[in-house]
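Please open the model in your viewer and keep the sequence panel beside it, since each stop on this tour begins with a selection.

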Amino acid sequence: MENIRVVYLDVLLLCNFFADYILILITEKISKNKTAVHRKILSAIFGAVFAAFMFFYRGGSFAVFALNIAALLILTALAFPPRNFLQFIKQSGMLLAVAFIMGGGMTALDSFFGNNTSFRVKNGSFYLNFSFAKIIFFAGIVFLIANFAVSRKNKADRFKASLTVDFFGEKVSGPALIDSGNGLRDMISGEKVILCDKKALEKFAKPLENHEERKIFLPVCTVTGETILEGFRSDFAEIEFKNEKKRFEKSLFAFSKTALKDDFIFIISPDYIEGHKERKNEKQPTVI
């Protein structure tokens with residue numbers, strides 16, 4: 001790495017501009033927080049100028065750390081207008097994580113394809129002693145790998161939601177699986193029923209004892225025969241999916257006989273996501 005004797009400012013700026021722009025694109029995909037192109041460009045320009053400054057900066061390690069944290073926050077604010085403090089910190093953390101991953105990827109690619117003397121990192125800034133075509137090639141490879149990983153995650157997230165249930169002031173929140181196999185219905189009213197993990201909702205045990213009128217018993221048919229699931233009518237349930245929230249008053253919940261898998265607390269019908277549609281023949285016994 002010390003073999004790099006000459007550093008070209010235009011190459012230094014170009015390297016870090018592309019790096020910052022790509023990491024902003026990846027962070028945008030992960031967070032699903034879309035931002036305008038001019039904001040991404042402005043943020044990447046700031047990142048490139050700051051990187052050039054830090055590459056030649058000779059301050060102490062604490063000053064370098066403080067300046068990099070400040071730059072991260074500014075970079076985030078320029079690219080993603082903060083809606084609130086927690087969202088801003090979360091977005092900054094995502095940007096930082098992507099930067100670490102991208103830096104590791106560029107180093108690995110140089111180890112395989114370079115001579116291991118053309119890559120230099122200093123004070124959080126990096127310099128590639130590569131041709132323009134090689135810079136674009138390496139940046140493109142890193143972006144494609146990251147984009148593939150994000151796409152796989154987003155595909156899995158299509159079947160995940162977040163659900164909060166309220167029962168006489170007690171609340172439980174957790175991940176919900178969107179499963180078309182959950183066709184549970186109350187045989188009398190025809191209302192949809194959300195399947196839930198009994199252990200995760202233990203805090204509802206005492207309120208249920210005091211409010212027997214809110215208990216339900218749901219006859220169902222399973223592959224092993226008929227059974228009855230115990231449950232309750234909630235005050236409300238709030239489902240969040242793809243940054244959109246829907247609230248359902250007096251929703252029905254049934255306790256699963258077995259623990260739910262993969263850390264899910266609830267299993268909901270896709271109807272809750274697709275507009276709470278009603279089905280025909282709703283009073284028929286449910287098969288699960």
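The tour below moves from confidence to the helices and the contacts between them.

This is a predicted model, in which local features need a pLDDT of at least 70 and side-chain atom pairs count only at pLDDT 80 or more, while totals for chains, interfaces and linings use all residues. Residues are numbered from 1 along each chain as its sequence is written, and side-chain values use heavy atoms, with hydrogens and water left out.

Colour the chain by pLDDT, the predictor's confidence in each residue, from 0 to 100. The chain averages a pLDDT of 78, and 74% of the residues score at least 70. Next select residues 276–288, where the pLDDT is below 50, although this stretch has 34 contacts in the model beyond near neighbours in sequence (contact means heavy atoms within 4.5 Å). Where pLDDT is low, the predicted coordinates should not be read in detail.

Now select residues 9–31, helix H1 (helices are DSSP runs of H or I, at least four residues, numbered from the N terminus). The 23 residues of H1 should span 33 Å at 1.5 Å a residue, and its end C-alpha atoms are 32 Å apart, which agrees (the expected span is 1.5 Å times one less than the number of residues). Just after H1, Lys32 takes a positive phi of about 55 degrees.

Add residues 37–55, helix H2, which packs on H1 at an angle of about 135 degrees with the axes 8 Å apart (axes are lines fitted to C-alpha atoms over the stretch in contact, and angles run from 0 to 180 degrees between N-to-C directions). H1 and H2 are therefore oblique to each other (angles under 35 degrees count as roughly parallel, over 145 as roughly antiparallel, 65 to 115 as roughly perpendicular and the rest as oblique). Their contact includes Phe17 and Tyr21 of H1 and Ala48 and Phe55 of H2.

Select residues 61–79 next, helix H3, whose axis lies 8 Å from that of H2 at an angle of about 165 degrees, and H2 and H3 are therefore roughly antiparallel to each other. Among the residues that meet here are Phe46 and Phe50 in H2 and Leu67 and Ile74 in H3.

Finish at Met94, in helix H4 (residues 85–113). Which residues does Met94 contact, leaving aside its neighbours within four places in sequence? They are Thr27, Ile30 and Ser31. Met94 and Leu23 are 71 residues apart in sequence and 9.7 Å apart in space, C-alpha to C-alpha.

How values were computed: Helix = DSSP H or I, 4+ residues; strand = E, 2+ residues; numbered from the N terminus.
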